[in-house]
Amino acid sequence: MTTLEFKEAFNTLYNNINSMASPGFDDYEISLLLTLAQEELVKNYNDPTSNIKQEGFEGSDKRRIDLKELITDYKITGQLSSPTYRISQESVIYQIPNNVFLIKQEQATVLLDCGNNRIVSVIPKTHDEYNRQIKNPFKKPNSNKVWRLDYNSSEPGTNIVELISSQLITEYHMRYLKFPDPIIISNLTDGLTINGFTSSRTSELNREVHSEIVRRAVELSKLSYKEDSLGNFVDLYKRKE
């Protein structure tokens with residue numbers, strides 16, 4: 001759908017299921033509802049426990065097609081050189097894109113003692129797992145696996161990961177699901193923004209799910225109205241996992 005089609009579809013469905021006494025929404029509020037609906041759809045597609053079909057992102061061909069526009073590839077060799085970031089003396093820090101929503105597949109290239117390169121799996125670890133397993137020689141990182149720890153940098157706008165390996169890491173490669181850009185049906189003014197964006201833009205998702213986004217946005221509009229809440233509407237927007 002184009003931005004105009006999103007607006008018209010929202011207003012048509014909203015008017016069809018609500019009485020004429022229901023409050024209308026301006027372009028900013030409709031954009032906010034559509035954006036929130038889109039974000040919830042992406043989250044639900046990736047969490048089998050939160051959707052009726054109990055399917056995750058790759059649980060069906062439809063789901064893969066619906067979200068394929070958000071799949072992005074990223075490869076980096078340059079490391080950040082701030083030792084204060086590191087939790088381990090065997091770790092290196094990489095800066096990754098700020099729009100990373102979920103990492104779907106990742107690997108690292110390490111330099112073996114014999115001088116050859118090897119591509120190995122990267123295994124995400126919680127800090128609790130790190131504390132329990134780092135001293136276990138059978139579970140800690142070796143020439144066949146690298147650990148990844150996640151945390152926020154103290155520098156605004158910097159998204160980083162810490163990779164822990166017994167070998168020298170020369171490259172980090174990942175494929176991830178990017179956080180979708182907002183749906184904005186008309187240019188925003190008066191200092192209004194959605195996720196830092198102000199210009200008109202449609203959904204990046206496959207057009208097959210655009211109607212689902214509209215339906216969910218209307219459901220959220222009904223919820224905000226029943227709660228007597230265009231104020232609560234903002235709280236709904238902030239409700240992110």
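**Exercise 1. Describe the hairpin formed by E3 and E4, and then place E3 among its partner strands.**

Solution. Begin with the turn: five residues lie between E3 and E4 in this hairpin, and Gly115, within the turn, has a positive phi of about 95°. Strands here are DSSP runs of E with at least two residues, helices are runs of H or I with at least four, and both are numbered from the N terminus. The model is predicted, so that local features need pLDDT of at least 70 and side-chain atom pairs count only at pLDDT 80 or more, while totals for chains, interfaces and linings use all residues. Residues are numbered from 1 along each chain as its sequence is written, and side-chain values use heavy atoms, with hydrogens and water left out.

Next, take the pairing with E4 (residues 117–124), which runs antiparallel to E3 and is joined to it by five bridges; two strands pair if DSSP finds at least two bridges between them. Within this pair, Gln107 stands opposite Ser121.

Finally, turn to E7 (residues 168–178), with which E3 (residues 100–111) pairs in the antiparallel sense over 10 bridges, and where Tyr176 stands opposite Ile103.

**Exercise 2. Determine which residues of H1 are buried and how they are arranged around the axis.**

Solution. First consider the helix itself: H1 (residues 3–17) has 15 residues and spans 22 Å from its first C-alpha to its last, close to the 21 Å expected at 1.5 Å a residue, the expected span being 1.5 Å times one less than the number of residues.

Then list the buried positions, which are Thr3, Phe6, Phe10 and Tyr14; buried means under 20% relative accessible area, exposed over 50%, and partly exposed in between, with a 1.4 Å probe and protein chains only. These residues lie on the same side of H1 because they cover an arc of only 55° around the axis, taken from the directions from the helix axis to the C-beta atoms. On the other side of H1, Leu4 and Asn16 are exposed.

**Exercise 3. Work out the surroundings of Ser165.**

Solution. Locate Ser165 in the loop between E6 (159–164) and E7, where Ser165 is buried with a relative accessible area of 4%. Its side chain reaches the backbone nitrogen of Gln167 at 3.0 Å. Leaving aside neighbours within four places in sequence, Ser165 is in contact (heavy atoms within 4.5 Å) with Glu90, Val110, Pro141 and Val146.

Methods. Polar contact = N/O pair within 3.5 Å; in protein donor to acceptor, adjacent residues only side chain to side chain.
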